[in-house]
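Here is a report on one protein chain and its ligand. Please look over the sequence and the model before reading on.

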Amino acid sequence: MFAREDRLVRWHLLIAFIALAVGGLFGPLQALNRMGISLYPVLGISYYQGLTLHGVLVALVWTTFFICGFLIFVTVRSLNRSLVSLGAAWIAFWVMLVGVVAAGYAILTNQASVLYTFYPPLRAHASFYIGLTLVVVGTWILSAGLFVTYRRWRGQNPGKATPLMAFGVLVTFILWDLATLGVAAEMLFQLIPWSLGWLGGIDALLARTLFWYFGHPLVYFWLLPVYVSWYTMLPKQAGGRLFSDPMARLAFLLLLVFSVPVGLHHQFADPGIGHGWKALHTILTFSVAFPSLLTAFNVIASLEIGGRARGGAGLFGWVVRLPWGEPSFAAQALAMLLFAFGGVGGFINASYNLNLIVHNTAWVPGHLHLTVGSAVTLTFAGVAYWLVPLLTGRQLWHRGLALAQVYLWFFGMALFSFGMHWAGVLGQPRRTDMATAVYRLAEWSVPDLFTGVGGTILLLSLILLVVNVAMTAFFAARGAVVEMPKAEPAGGAEAAPWIFERWSVWLAVTAVLIVIGYGPVLFELVRTTTAGSPPFRVW
Ligand code: HAS
C-alpha cells in the first residue's frame, strides 16, 4: 500500500548502512590505539582524521538517515495514510545527501579533522559546515511534510487519540526542530562566515554554547525512535502487550519538555558561564532522565507480560521465556541492558562534582557507546532485521549470523565500555592519540586491554551486521512475509488525559523552559561577545 514511501525508506536505509559500514570501520582503530597499536599511518591518515570520520559518519549520518527512514515508515503506517507530499520528502533526502557529500569531501581531503563536535577555534573547510547545515535543512523539510501529514489525519479524525507510534514521531521531530535552531545559529552566524573568511575571529564560548543547546537534545533525537520501537513494537515481539500507553505518552512529552535546557552539563568545566545556570541545568538534566526511568518500568513490565504469556512463572521465570533466540528481539533487549548502565553513567556525568573527575576522559566515550552505540545502534540493528526483509520482500539472509552479531555486539560493547570507563576514572584523556602519548600510565594497561579486545569483537559484529543486511537487501531468497510488529496496549489509550493531545500547550511549556534555561545565558554571551579567536589548524 505504501510502495512509494517504502522506496524512499529503502534509500534512507541504504545511506545509513553505508555510513555505518565506513564510519564503523574506524571505531576499532580507536580501540586498538588505546592499546598502543596505531594503524593510522598504514592508512595514510591522522588520528584526528580517523576519529572525525568515525564520529561524523556513525553519530551524525548513520543515526539521522536511519531515523528519518524509519520514522517515515512508521508515520504512514500508523496514520494509515500516504505522505502529503512525497516529492518534498525526496527533496529532503537529496538535500541531506548533498550535505553529506559536501561534508565528506572536506573530511576525506583532510580539511575538516575537527571531530563530530567541530569546536572552534579549530577551523574546517567551509564545505564541511555548509554540508552539515544542508543535512539539517533536509530534516526540516521532511519534518514539515510529516507535520502536515499529521494535521490532515487530525482533521479527518477529530477527537481520536493520536496513535502512539505517530505520537512518538511528532515528539521526535518537534524536539529536533527546536534543538537544531542552536546549531543553525552557530553555523549561519559564526562558523560558515568565519570559514569563508568573512569574519576575522570567532567567539569559541558562544559557539560551544550554541552547539550544546543542540548537542544534548540531539541524543534524545537518537533515543526517541528507539523508544518508539521499545514501546510500540517490541512488546508484540515478546508475545505481550504494552503495559501502559498513557505512561508512554507522558514519557515522550517529558522528554520533549526537558531535553533542551540541559546542554550546560557538557560545559561544567567552561569558564564564562555562571555556576547558578550550571546548577539549573543539572536539575533539569535529572528531570530529563526521569522519563527514561518511566520507560524502564514500562518496558520491563511489558516484557514481563510477554514472558508470562509464554509460560514463564515465578519471580524471574518470565525472563528466560522471552524470545532470546530471535535476533530482532534479542538485539533490543540487550540494548536495554547496556542502556541501563549507560543511564547510570549519565547520572554520574550530570553530577557537577563527579563530572569534574570524568570530563574529557575516556569515561565519556565509554558512556556514549553504551547509549548511542548500544541503546540506539543495537536497537536499530534489531529493527533492521525485520524492516529490511519487509521493505525488500526478501528473507533475512542468515538468522544464525544475525543472532551471533547481536550477542557479539553485547559482549564486545560490555568489554569495550568497561575498559573505557575504567581508564577514564584513572585519568586517561579522551580524543588523544594514545599510541604516541609519552605519558602513558602503567595502570591503564589492563583497562586498555578490555577496550582493545572489546573493540575488535565489535568490528566482527559490525561486519556480520553489514554483510547480513546487504545480502538480505540484494541477494536473499524472495518471498518474505513480514509484518510490522504492532503492540496493543494492555490499558487503552483513551485513559490518557486530554491534555496529552494539546500540542500548543506542550510547545508553550517547552518554549518557556528553554527561555528560562538559555535566555539569560545566551543574552549575556552575545552581549559580551568579542572579536574572538583566529582560526587554528593543528593537523
Ligand atoms: Fe549522555 C555525554 C548525561 C543519556 C549520549 N552523552 C554524552 C555524550 C554523548 C551522550 C554522545 O550530564 C558525549 C558528548 C561529547 O562528545 O562530548 N546522558 C546523560 C544523562 C542521560 C544521558 C543524565 N547520553 C544519553 C543518551 C545518549 C547520550 C540517551 C545517546 C543516545 N551525557 C550526560 C552528561 C554528559 C554526557 C552530563 C557530558 C559528559 C562530559 O563531561 O563531557 C540520561 O538521559 C540517561 C537516562 C537513562 C536511564 C536508563 C533507563 C534504562 C532503560 C532500559 C531498562 C530496561 C532494562 C531491561 C534494563 C535512566 C530505559 C532489562 C530486562 C530485560 C529482560 C531485557
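The text below covers the overall fold, the ligand site, the cavities and two backbone features.

**Overall fold**

This is a predicted model. The chain holds 17 helices and zero strands. Its C-alpha trace spans about 60 × 50 × 45 Å along the principal axes. The radius of gyration is 22 Å, which agrees with the value near 24 Å for a compact globule of 539 residues.

**The ligand site**

Start with the metal. The ligand carries an iron atom, and a single protein donor reaches that iron: NE2 of His367, 2.2 Å away. His367 belongs to helix 14, which runs over residues 363-392.

The shell around the ligand counts 36 residues. Those that come nearest are Tyr116, Tyr220, His359, His367 and Arg430. By type, the shell divides into 23 nonpolar residues, twelve polar and one charged.

Oxygen atoms of the ligand also make polar contacts with the protein. The table lists three of them.

| Residue | Protein atom in the contact | Distance to a ligand oxygen |
|---|---|---|
| Tyr220 | side-chain N or O | 2.5 Å |
| His359 | side-chain N or O | 2.6 Å |
| Ala350 | polar backbone atom | 3.1 Å |

Which elements give two or more residues to this shell? They are helix 7 (204-232), helix 10 (275-309), helix 12 (327-350) and helix 14. Helix 12 gives the most, with ten residues. Helix 14 thus serves twice here: it holds the iron donor His367, and it is among the elements of the shell.

**Cavities**

Rolling a probe the size of a water molecule over the atoms shows where empty space is left. In this model the count comes to four cavities of 30 Å³ or more.

The largest cavity holds about 600 Å³ of space. Its lining has 33 residues, and Gly27, His54, Val58, Leu368 and His369 are the closest to the centre. Five helices each supply at least two residues of this lining: helix 1 (3-34), helix 3 (47-79), helix 14, helix 15 (399-425) and helix 16 (445-474). The lining splits into 21 nonpolar residues, nine polar and three charged. Helix 14 appears again, as a part of this lining and as a part of the ligand shell.

The second largest cavity has a volume of about 200 Å³. How many residues line the second largest cavity? There are 18, and Leu60, Leu132, Val135, Val136 and Phe214 lie nearest the centre. Helix 3, helix 5 (126-156), helix 6 (164-195) and helix 7 each supply at least two of the lining residues. Helix 3 has the largest share, five residues. The lining is made up of 16 nonpolar residues and two polar, with no charged residue.

Two helices link these regions. Helix 3 supplies lining to the largest cavity and to the second largest cavity. Helix 7 lines the second largest cavity and also contributes to the shell around the ligand.

**Backbone features**

Most residues other than glycine have a negative phi, and most peptide bonds are trans. Two places in the chain depart from this pattern. Asn110 is not a glycine, yet has a positive phi of about 60°. Pro120 and Pro121 are joined by a cis peptide bond, with omega about 15°.

Where is Asn110 placed? Asn110 sits in the loop between helix 4 and helix 5. Pro121 is in the loop between helix 4 (86-108) and helix 5 as well.

How values were computed: Residues numbered from 1 in each chain as written. Predicted model: local features only at pLDDT ≥ 70, side-chain atom pairs only at ≥ 80, totals over all residues. Heavy atoms only, no water. Donors = N, O, S within 2.8 Å, 3.2 Å for Na, K, Ca; no water. Helix = DSSP H or I, 4+ residues; strand = E, 2+ residues; numbered from the N terminus. Near = heavy atom within 4 Å. Polar contact = N/O pair within 3.5 Å; in protein donor to acceptor, adjacent residues only side chain to side chain. Nonpolar A, V, L, I, M, F, W, Y, C, P; charged D, E, K, R; others polar. 1 Å grid on protein atoms, 1.4 Å probe; cavity = no way out; pocket = protein on both sides within 12 Å on 5 of 7 lines; lining within 4 Å. Points joined across faces, edges and corners; volume = space filled by probe spheres on them. Rg over C-alpha atoms; globule rule 2.2 N^0.38 Å.
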